[in-house]
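Biologist: I am new to this structure, and I would like a close look at a single part of it. Please begin with one residue, and then take me step by step to the surrounding chain and beyond.

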Amino acid sequence: MKPRHWLRPALLFLLLAAGLLLGGCHRGEPLPFRLTNISGHMPDLDFKLTDDSGKAVTGADYRGKVVLLYFGYTHCPDVCPLTLAQLHVVMQRLGPLADGARILFVSVDPARDTPAIMHAYVNAFDKRAVGLVGDARSVEALSKRYRSAFTREPSSADGTYEVSHSSAIYVFDRDGRARVLATPSASQDDLVHDLHLLLDTGATP
Amino acid sequence: MKSPTLSLLLSGLLLAGGAHATDADHIRASHAWIRVLPGALPAGAYVTLENDGEQPVALRGAGSTVYAEVMLHQSSRAGGMSRMSMVDALNVPAHGKAELAPAGYHLMLMQPNAPVKPGDTVTLTLQFGDGSTLATDFIARPANALDAGDGHADHAMPAMDHGAMPHGH
């Protein structure tokens, strides 16, 4: 019975291969991201902050949405508005899919940014943007979690000051898992492409 | 009461004026706009300056009757961090141009004495190295605008780093 001897290992191999493939599908096949893939290298979205309507929120409140996390402050007249304006263009290009995404703009200036100021600010850019504020410790905890940083620069004579901050945009899937990192020099096409992957696929129900 | 000294002085000034135009005479400003933010938050102003002269011209800052304070600033990125700092001057090269554009040089406008709305025109008086000035009309644009909105650049597919390079266009 030679054929049987040959059949058994072949079947076993096929089963194993099928099992591996199925397992791969279940855990989500690696998506062909164009931006820096940080899947598995950064912790899940988690924080305790206050949203721009004054409500206490955590990372879990945004499960089910693809999240674009960006740190900045409202007294930032140049780079923060530019980034938010560019993210607005990205959201426009996504069309109705953009409703499945949220821009979370976290203030690194707890002393000046209140929920009301943040509300007016983020809504001037995109209706799917949420402003988040918190005490210095909560914001620092979130910033450190993503190896991000911010520094309050010395005040000038009139008491005003600037805040230096990380310029990266962190993208999380619907399960709150960190997926890609966009630097300000990343192409907008690539960001649209990667957001399509996260919004289109059923990989993250 | 015409004194010969005064006449001489005046004609001398006129002659000097003819021979040496001021910095402002050589500068053409275009694509001037302000990104308006809600409330009394500081706003950024942008403009393209072209110098048709033989000498470089330094932009030192600007004044305004609408904003209490105007500062020449530069945004920069290093090591993944965004920073903003005050600068003394921006050089407009001879027969060249300098762009004040998002993520680069800009005029930071603080404390408006009246709300500025998108669509408004605000005059800023640009100040140059020799003390000469150039009154320039800036168009106020919405917070999420990316440029002056005058069709100066094609933004069908703007890159994320648009405006990051002062001489990109």
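Modeller: In this predicted model, B:His26 lies in the loop that leads from α1 (4-19) to β1 (27-35) of chain B. Because its relative accessibility is 27%, a value that falls between the limits of 20% for buried and 50% for exposed, B:His26 counts as partly exposed. If its neighbours within four places in sequence are set aside, the contacts of B:His26 are with B:Ala21, B:Glu50, B:Asn51, B:Asp52 and B:Gly53. B:Ser64, on the other hand, stands 38 residues away from B:His26 along the chain, and 21 Å separates the C-alpha atoms of the two.

The chain around this loop has one helix and ten strands, and read from the N terminus its order is α-β-β-β-β-β-β-β-β-β-β. Of its 169 residues, 43% count as buried, and the accessible surface of chain B is about 8,500 Å², with 57% of that area belonging to carbon and sulfur atoms. When contacts in chain B between residues at least 6 apart in sequence are considered, 65% of them join residues at least 24 apart.

Chain A can be described in the same terms. Its secondary structure comes to five helices and ten strands, and 49% of its 205 residues are buried. About 9,900 Å² of surface is accessible on chain A, and carbon and sulfur atoms account for 60% of it. Here 73% of the contacts between residues at least 6 apart in sequence join residues at least 24 apart.

The interior comes next. The largest nonpolar core holds 69 residues, and those with the most contacts inside it are A:Phe47, A:Leu69, A:Leu104, A:Leu132, A:Tyr170, A:Leu191 and A:Leu195. The element that gives the most to this core is helix α2 (residues 79-94) of chain A, which supplies ten residues. There is also a second, separate core of 30 residues, with B:Ile34, B:Leu59, B:Val92 and B:Ala98 among its members. To return to A:Phe47, its contacts, leaving aside neighbours within four places in sequence, are A:Val57, A:Thr58, A:Gly59, A:Tyr62, A:Leu104, A:Leu132 and A:Leu142.

One of those partners, A:Leu132, leads to strand β6 (residues 129-133) of chain A, which is mostly covered, since five of its five residues are buried. In a regular strand the side chains alternate between the two faces of the sheet. In β6(A), A:Ala129, A:Gly131 and A:Val133 point one way while A:Val130 and A:Leu132 point the other way, and all of them are buried. β6(A) pairs with β2(A) in the antiparallel sense over two bridges, and in this pairing A:Thr50 stands opposite A:Val133. With β5(A), the strand β6(A) runs parallel, and four bridges join the two; A:Val106 has A:Leu132 of β6(A) as its bridge partner. Between β5(A) and β6(A) the chain crosses through helix α3 (residues 115-123) of chain A, and this β-α-β crossover is right-handed.

Within α3(A), the buried residues include A:Met118, A:Tyr121 and A:Val122. The arc that they cover around the axis is only 90°, and therefore they lie on the same side of α3(A). What the buried residues of α3(A) pack against is α2, β5 and β6 of chain A.

Another contact of A:Phe47, A:Leu142, belongs to helix α4 (residues 136-145) of chain A, where A:Val139, A:Leu142 and A:Ser143 are buried. These residues span an arc of only 100° around the axis, so they sit on the same side of α4(A). The face turned away from that buried side carries A:Arg137 and A:Lys144, both exposed. The cover over the buried residues of α4(A) includes β2 (48-51), β4 (66-72), β5 (101-107) and β7 (150-152) of chain A. After α4(A) comes A:Arg147, which has a positive phi, near 50°.

Methods
Residues numbered from 1 in each chain as written. Chains lettered and ligands numbered in written order. Predicted model: local features only at pLDDT ≥ 70, side-chain atom pairs only at ≥ 80, totals over all residues. Heavy atoms only, no water. Core = buried A, V, L, I, M, F, W, Y, C linked by side-chain atoms within 4.5 Å. Buried < 20%, exposed > 50% of the residue type's maximum accessible area, 1.4 Å probe, protein only. Contact = heavy atoms within 4.5 Å. Arc of directions from axis to C-beta. Areas by Shrake-Rupley, 256 points an atom, 1.4 Å probe, with all protein chains shown as cover. Pairing = 2+ DSSP bridges. Right-handed = clockwise from strand over helix to strand, strands pointing away.
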